[in-house]
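Visitor: Got a minute to walk me through this one? I'd like to begin with the charged side chains.

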Amino acid sequence: MDFTLNNEQQMLRDGITKFLAARYDLETSRAAVKTGAGWQPGTWRAFAEELGILGATLPEEFDGIGGGAVELMVITEALGHALVIEPYVDAVVVAGGLLQRSGSPRAAEVLKELVAGNAVVALAATEPESADRWQDAQTTARPDGDGWVLNGSKITVVAAPLATHLLVTARVEGDEGVSLFLTEAGAAGIAMHPYRTIDDRSAADVTLTDLRLGADALLGERGRAWPSLAQARDEGAAAVCSEAVGCMRKVLADTVEYCKQRQQFGQPIGSFQVLQHRMVDMFMEVEQSAAAVYLAMLNLEADEATRARAVSAGKATIGRAARFVGEQAVQLHGGMGMTEELAIGHYFKRLTALQYEFGTTDQHLSRYAELTKP
């Protein structure tokens, strides 16, 4: 297969890479997380107005550019390489995909605002009892006249403190399936407990108490949201896999450079054969991960079983590689590898968190085994 990028895709990658190298400073982004708004709103707007990446993978009818899986891979790998904390995957890939497939006029309006950089949408699907089994939502939705009343709790809603809108999974009494609702994040009846995750993302636990929504809040058919949610979950998994490849490429490059400079016994530690072997092993894991991402990305539009199999293979491969590459990088840097001052410690935290997003390594291994049974 030919994995060469075409001219437009190459220009997209070069544009993002140059922008982030010039204007996305790791120290500044971490300061914004700890002492500011939790992100850089100006950067998010620049993603929309200067780079156009918020709409790069969305159809033109929503003011997007109409790109596909390759464009998604190019964008997310570049964001991972720069360790960008703005919620591209959560808001654009996952929530944006759900809005696009819903067929709702209101969803279309919000999606256009997202592409313009005026909105951030977060999916609230994980619950205390059902964990990350999105299809087992215990949050209830009760018909109330022409509208709905929602009650329940959601946990670890990434980007919720930054969001203008939430997508909420809930179950209507008597329905076997789950439904999806759109609401403004500041609506009466929504309470948030915000916090910072280990990898410096903004997240919140969300409580819904008699949240009253209009009839247009229901996206798609009642009780039939799971196929779209399953697709969003796979798309999110593939996107964070690509992000992980970007992270690992940066980690490997920094480790090689450090080993060229660090002196021990009068010579660079990179001259020691045993450490060279470790870095070669890291390189092999990164390249295997890149191949796994190609497999996952190029099957996102395939039938459900093929898509799930490819995504799980990629996520399981990335989970193993991210742990190995991260641990080796920290060890080769010595005690400095875990400090806040050195970039490698921040990348290690992100690589650790990535292993648990959109399904753990073990969950994807189990799903892959189930899907490949004779």
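Guide: Start with the term: a salt bridge is a side-chain nitrogen of Lys or Arg within 4 Å of a carboxyl oxygen of Asp or Glu. This is a predicted model, where local features need pLDDT of at least 70, side-chain atom pairs count only at pLDDT 80 or more, and totals for chains, interfaces and linings use all residues. Residues are numbered from 1 along each chain as its sequence is written, and side-chain values use heavy atoms, with hydrogens and water left out.

Visitor: OK, how many salt bridges does a search of the whole structure find?

Guide: The search finds 24.

Visitor: Which residue does R23 pair with?

Guide: R23 bridges to E50, with the closest N and O atoms 2.6 Å apart. R23 sits in helix α1 (residues 7-23) and E50 in helix α3 (residues 41-51), so the pair ties together parts that are 27 residues apart in sequence. Helices here are DSSP runs of H or I, at least four residues, and strands are runs of E, at least two, numbered from the N terminus.

Visitor: And is R23 buried or exposed?

Guide: In between. R23 is partly exposed, with a relative accessible area of 46%. The cut-offs: buried is under 20% relative accessible area, exposed is over 50%, and partly exposed lies in between (1.4 Å probe, protein chains only).

Visitor: What does R45 in α3 meet in a salt bridge?

Guide: The side chain of E49, at 3.3 Å from N to O. Both residues lie in α3, 4 residues apart, which is about one turn of the helix. R45 is partly exposed at 33%, while E49 counts as exposed at 56%.

Visitor: What about E221, what's its partner?

Guide: R224, with the closest N and O atoms 3.4 Å apart. E221 is exposed, with a relative accessible area of 52%. R224 also counts as exposed, at 59%.

Visitor: Which residues are linked in a network?

Guide: D199, R201, E243, R350 and E357 are linked by salt bridges.

Visitor: Switching to helix packing. How do α8 and α9 cross?

Guide: Two packed helices are described by the angle between their axes and the distance between the axes. For α8 and α9 (residues 304-333), the axes come within 9 Å and cross at roughly 155°. That makes α8 roughly antiparallel to α9. Angles under 35 degrees count as roughly parallel, over 145 as roughly antiparallel, 65 to 115 as roughly perpendicular, and the rest as oblique. Axes are lines fitted to C-alpha atoms, for helices over the stretch in contact, with angles from 0 to 180 degrees between N-to-C directions.

Visitor: What makes up the nonpolar surface patch?

Guide: V280, F283 and M284, covering about 280 Å². Patch residues have over 30% relative accessible area and no salt bridge; like charges are joined within 9 Å, nonpolar side chains (Val, Leu, Ile, Met, Phe, Trp, Tyr) within 5 Å. Areas come from the Shrake-Rupley method with a 1.4 Å probe, and for residues only the protein chains shown count as cover. M284 lies in α8 (residues 273-297) and is partly exposed at 43%.

Visitor: Backbone next. Which residue in strand β3 has a positive phi?

Guide: T156, with a phi of about 50°, although it is not a glycine. Its strand, β3, covers residues 147-158. T156 is partly exposed at 42%. Most residues other than glycine have a negative phi.

Visitor: And where is F358?

Guide: In the loop between α10 (343-354) and α11 (361-371). F358 has a positive phi too, near 55°. F358 counts as buried, at 11% relative accessibility.
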